Amino acid sequence: MAIVRPITQSDSYLLRRMSTGDEEAFRTLYQRCQGPVYRFVLHMSGSPAIAEDVTQEVFLALIRDAGRFDPSRGTLPAYLLGIGRNLLLRRLEKERVFVAFPGANEPDGQESSNSGEHALLVVAALDPVRNETIGRVRQAVLSLPANYREVVVLCDLQEMSYEEAAAALRCALGTVRSRLHRGRSLLMEKLREFCKPGENAAAANKAKLSRNR
Amino acid sequence: MMNCEEFEQMAQALARDEGLDVATLESALTHADSCESCDALLEEAESLTSDLRALAAHHAAEAAPARVETRLLLAFRHRREPDLNGLERWRWSAALAIAAAVVLVLAVTGRPQALWHPGGVATAGQSGQSGRTPGMPAVVSATQQASQTAAVDDEEGADSFVPLSGTFDLDSLNEDPIVRVVLTGEDLESLGLPVGDSGDEQVVADLIIANDGTPQAIRVVSW
């Protein structure tokens with residue numbers, strides 16, 4: 001009996017097909033890459049509407065000029081994330097969509113981009129304790145300065161390697177490593193500050209949950 | 001043995017389980033066991049890792065709405081259409097450029113003088129009268145054109161073209177450019193057409209020029 005093996009077409013192959021007008025190739029590429037792009041922008045902006053817009057713009061850019069992708073400089077997902085990142089930063093700069101977070105003070109004279117209005121994501125109320133934790137961490141991530149936030153999102157939330165993140169951000173691997181270290185330290189500080197006022201209910205619940213484990 | 005400062009640099013990598021070498025890992029854990037604040041720091045960093053994983057898992061299934069794919073597929077199709085139109089335009093431009101080159105070569109070499117002019121006529125004699133630069137084709141005025149073509153039915157259809165090439169297809173009439181030229185008896189002979197006794201006659205004709213510049217069919221306009 002013959003063994004049928006699934007054939008996975010490479011991104012480069014699909015990209016070539018797409019360039020010749022193959023709609024199915026484009027659809028496959030889109031379905032393969034849209035998730036990481038969408039989630040990256042969602043984690044970076046906290047806004048599903050912005051994530052939708054930017055994802056669309058990223059793939060429109062690919063339709064317009066697929067030839068700009070250079071495989072020697074990284075993978076296609078990293079390339080698309082790079083486009084998404086640039087579009088998002090431009091948009092955030094233009095629209096000033098910022099995150100409010102209690103007691104957010106940037107160390108080392110870092111310019112804060114964390115005040116003002118922000119569209120918070122809706123958390124399904126299936127598990128109030130877990131959801132409160134998730135909401136708190138999400139807020140903390142959103143309150144990070146963009147250069148730290150993006151490495152935390154890519155490396156911790158999207159589980160990309162340092163190499164992939166460096167390709168997406170077009171920076172050195174050491175920069176990713178040091179920013180991740182700094183970003184996580186900032187996150188811990190923010191989460192600590194968030195818990196300070198009277199040891200709020202969420203923190204208490206979390207502690208209770210930890211004891212019960 | 002590792003000190004607190006060194007441990008702090010290591011804490012996030014430890015909490016992320018980055019695969020530190022065994023010696024470093026042992027040294028860090030030994031330090032954490034003996035230092036309360038560093039132990040707390042490690043615990044906090046591990047808790048952060050856990051929380052971030054929970055956040056990632058919470059959004060793991062998030063994807064762009066289906067309407068984005070629909071819009072992009074429309075854009076993809078739309079994008080292809082202009083490309084095809086562009087190709088078509090390019091083909092026309094190339095054909096016209098070749099036709100113009102043929103006309104120029106004919107003009108320079110003293111062969112039948114022609115111009116690309118939809119409905120217009122250029123003849124050597126008339127050009128001379130209009131004071132054109134010797135050797136260069138000139139556009140005939142509307143009056144001249146009217147008199148020249150007075151006896152001609154401008155609405156002549158494709159049927160009036162006589163194929164000069166065995167491969168010519170009348171259906172391609174709308175694809176290849178038509179060039180109006182003035183031909184001498186010698187030119188007509190070179191095209192394999194019958195020539196009058198005098199041999200010095202001039203004939204105004206329309207030629208269908210293929211992409212490679214070769215005449216495909218002829219229609220006599222006046223003689």
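Helices of at least four residues and strands of at least two are DSSP runs, numbered from the N terminus. With that in hand, let's work through a predicted model.

**Exercise 1. Work out how many helices and strands chain B has, and in what order they come.**

Step 1: Count the elements. Chain B has seven helices and five strands.

Step 2: Follow the sequence. The order in chain B is α-α-α-α-β-α-α-β-β-α-β-β.

Step 3: Add the packing. Of the 223 residues in chain B, 24% are buried. Among contacts in chain B with a separation of 6 or more, 60% join residues 24 or more positions apart.

**Exercise 2. Find the partners of strand 4 (residues 202-209) of chain B, and explain why this strand is described as largely enclosed.**

Step 1: Take one neighbour. Strand 3 (residues 178-184) of chain B pairs with strand 4 of chain B in the antiparallel sense, over seven bridges. Here T184(B) stands opposite Q202(B).

Step 2: Take the other neighbour. Strand 5 (residues 215-222) of chain B also runs antiparallel to strand 4 of chain B, and six bridges join them. In this pairing, D206(B) has R219(B) as its bridge partner.

Step 3: Check burial, for which a residue needs 20 or more other C-beta atoms within 10 Å of its own. Six of the eight residues of strand 4 of chain B are buried, so the rest of the structure largely encloses this strand.

**Exercise 3. Describe the side of chain B that touches chain A.**

Step 1: Count residues. The contact involves 25 residues of chain B and 27 residues of chain A.

Step 2: Locate them. Helix 3 (36-58) and helix 4 (66-108) of chain B are the elements that give two or more residues to this side. Helix 4 of chain B supplies the largest share, ten residues.

Step 3: Sort by class. This side of chain B has 14 nonpolar, three polar and eight charged residues.

**Exercise 4. Test the length of helix 8 (residues 173-195) of chain A, then decide how helix 6 (residues 146-157) of chain A is oriented to it.**

Step 1: Compare the spans. At 1.5 Å a residue, the 23 residues of helix 8 of chain A should cover 33 Å; the end C-alpha atoms lie 33 Å apart, so the two values agree.

Step 2: Look at the crossing. The axes of helix 6 and helix 8 of chain A come within 8 Å and cross at roughly 100°. Angles of 65 to 115 degrees count as roughly perpendicular, and these two helices therefore fit that description.

Step 3: Inspect the contact. Residues of helix 6 of chain A including Y148(A) and V152(A) meet a group in helix 8 of chain A that includes L180(A) and L187(A). By class, the contact has eight nonpolar, two polar and four charged residues. Among the buried residues of helix 8 of chain A are L180(A), L187(A) and F194(A).

Definitions and conventions:
Residues are numbered from 1 along each chain as its sequence is written. Chains are lettered from A and ligands numbered from 1 in the order in which they are written. This is a predicted model: local features need pLDDT of at least 70, side-chain atom pairs count only at pLDDT 80 or more; totals for chains, interfaces and linings use all residues. A residue is buried if 20 or more other C-beta atoms lie within 10 Å of its own, exposed if 12 or fewer, and partly exposed in between; C-beta atoms are placed from the backbone. Two strands pair if DSSP finds at least two bridges between them. Two residues are in contact if their C-beta atoms, placed from the backbone, lie within 7 Å. Ala, Val, Leu, Ile, Met, Phe, Trp, Tyr, Cys and Pro count as nonpolar, Asp, Glu, Lys and Arg as charged, and the others, Gly among them, as polar. The expected span of a helix is 1.5 Å times one less than its number of residues. Axes are lines fitted to C-alpha atoms, for helices over the stretch in contact, and angles run from 0 to 180 degrees between N-to-C directions. Angles under 35 degrees count as roughly parallel, over 145 as roughly antiparallel, 65 to 115 as roughly perpendicular and the rest as oblique.
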